[in-house]
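Subject: Structure for you to look at

Hello,

Here is the structure I said I would pass on. Please open it first; my notes follow below.

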Amino acid sequence: MRMPLPDDARLARADMRACAAMLRDGSRSFHAASFVLPRRIRGPAAALYAFCRVADDEVDLGADSESAVRGLQDRLSRIFAGRPADTPVDRAFAEVVASFAIPRELPEALLDGFAWDARGRRYETIRDVEAYAARVAGTVGAMMTIVMGRRSPEILARACDLGVAMQFTNIARDIGEDARFGRLYLPCDWMRDEGLCPEGWIADPVYDDRIARIAARLLDAAEMLYERAEAGIAALPADCRPGIHAARLLYREIGREALRRPAARLCERAVVPAGRKATLMAEALRVSLRQTRSPDAPPLEAVRFMIDAVRENAAPLRPAAAGQDRVAWLIALFERLERRDAVGRIGS
């Protein structure tokens, strides 16, 4: 017979279940994918992702986005003070923050990225786009890496490489969708190199060879990061490699699919055909058996603050088992990127 749980433990379990239910109803891809996680990891992963999801929705769907960001910053302060708002998501996220010693700089940077969206920020150079991608994608990857028990600078750097690469792919894929909402994430200096005025183009988007060349440049930048991430995956436990390789290959193929189409179709979302997905899944299994030396490349400048914050923060109170590394953060990141279908902007 099981001993009854104390009240605080029952509340914590109820909060985790509430987070999982929210994701089941609103993020079906994440909910389905979470079943590949070890049971003891599913709760913390759901809590972390639920907070990111709630924050994203409040900023993107609310009447006053900047006010929503300020409200989220206040909630984050309460979470890190150990006095979370009386909601299942805030309580559960506070438990994850405390248990795994997540530095405050990481979720704060995520909110910074949301604030940049709320203000309709433009990005002058590729480094500026990199800084945005680090906040809306790299932060989620870094936090989930910590939940999985890994905090080394090398692993965090490669996780961020993959997150930024996936965000670059997302931007190239969703040029048309973003333009319909008045959002522009392409480097403005690249547009001027092609004879395009960024403000004029967003007012009257035209999809021609100039935009195709800009998308190709962005995907070239992503390709370098995908290659670096591949080398880092070889250091993971064997049972983690296939899933991470599959997500890397599938997302990279989205960009390649976009480039195969005529420039006029860049206004449409690229989709990888089912047959090609199956081929890539088989390729992921094959690549997972290959031993590749982890690259010595330094982290992207845009993510150094995250790595430094983790290095300076205390070790987690209850580290995860060694075989549970980065499957969860990749699932969370992949789903967060895919959510643009529903809300019409970057950032599931």
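A residue is called buried when its relative accessible area is under 20%, and exposed when that area is over 50%, with partly exposed in between. Please keep in mind that this is a predicted model.

Ala302 is a case for that cut-off: its relative accessible area is 12%, so Ala302 counts as buried. The residue sits in the loop that joins helix H14 (274–287) to helix H15 (304–312). Apart from neighbours within four places in sequence, Ala302 has contacts with Glu130, Ala131 and Ala134. Ala302 and Cys160 are 142 residues apart along the chain, yet their C-alpha atoms are separated by 9.5 Å.

Next, the nonpolar cores. In soluble globular proteins, nonpolar side chains tend to be buried together. The largest nonpolar core here has 88 residues, and Phe168, Leu186, Trp201 and Ile211 are those with the most contacts inside it. Helix H7 (residues 126–147) gives the most to this core, namely 13 residues. A second core, separate from that one, has five residues, among them Leu249, Leu250, Leu280 and Ala284.

Which residues does Ile211 touch, once neighbours within four places in sequence are left aside? They are Ile175, Leu186, Met191, Leu196, Trp201, Val206 and Leu266.

Ile175 and Leu186 also belong to the lining of the largest cavity, together with Ile171, Asp174, Asp178, Arg183, Leu184 and Tyr185. The space in this cavity is about 50 Å³. Sorted by class, the lining has five nonpolar residues, three charged ones and no polar ones.

On the cysteines: how many disulfides are there? The count is zero. A disulfide needs two cysteine sulfur atoms within 2.5 Å. For Cys188, the closest cysteine sulfur belongs to Cys197 and is 8.9 Å away, so the two are too far apart for a bond. Cys188 is buried, because its relative accessible area is 6%. Cys267 has a relative accessible area of 23% and is therefore partly exposed.

Cys267 also turns up in a pair with Arg180: the two are 87 residues apart in sequence, and 9.2 Å separates them in space, C-alpha to C-alpha. Arg180 is part of helix H9 (residues 175–180). With a relative accessibility of 59%, Arg180 counts as exposed.

Two residues from earlier in the chain are left.

Val54 is in helix H3 (residues 39–61). Is this residue buried or exposed? Its relative accessibility is 17%, so Val54 counts as buried. Not counting residues up to four places away in sequence, Val54 touches Met22, Arg75 and Val89. The C-alpha atoms of Val54 and Asp90 are separated by 9.7 Å, with their positions 36 residues apart along the chain.

Ala101 lies in the loop between helix H5 (88–100) and helix H6 (105–118). Most residues other than glycine have a negative phi. Ala101 is not a glycine, but its phi is positive, at about 55°. The relative accessible area of Ala101 is 11%, which means that this residue is buried.

Regards

Methods. Residues numbered from 1 in each chain as written. Predicted model: local features only at pLDDT ≥ 70, side-chain atom pairs only at ≥ 80, totals over all residues. Heavy atoms only, no water. 1 Å grid on protein atoms, 1.4 Å probe; cavity = no way out; pocket = protein on both sides within 12 Å on 5 of 7 lines; lining within 4 Å. Points joined across faces, edges and corners; volume = space filled by probe spheres on them. Nonpolar A, V, L, I, M, F, W, Y, C, P; charged D, E, K, R; others polar. Buried < 20%, exposed > 50% of the residue type's maximum accessible area, 1.4 Å probe, protein only. Core = buried A, V, L, I, M, F, W, Y, C linked by side-chain atoms within 4.5 Å. Helix = DSSP H or I, 4+ residues; strand = E, 2+ residues; numbered from the N terminus. Contact = heavy atoms within 4.5 Å.
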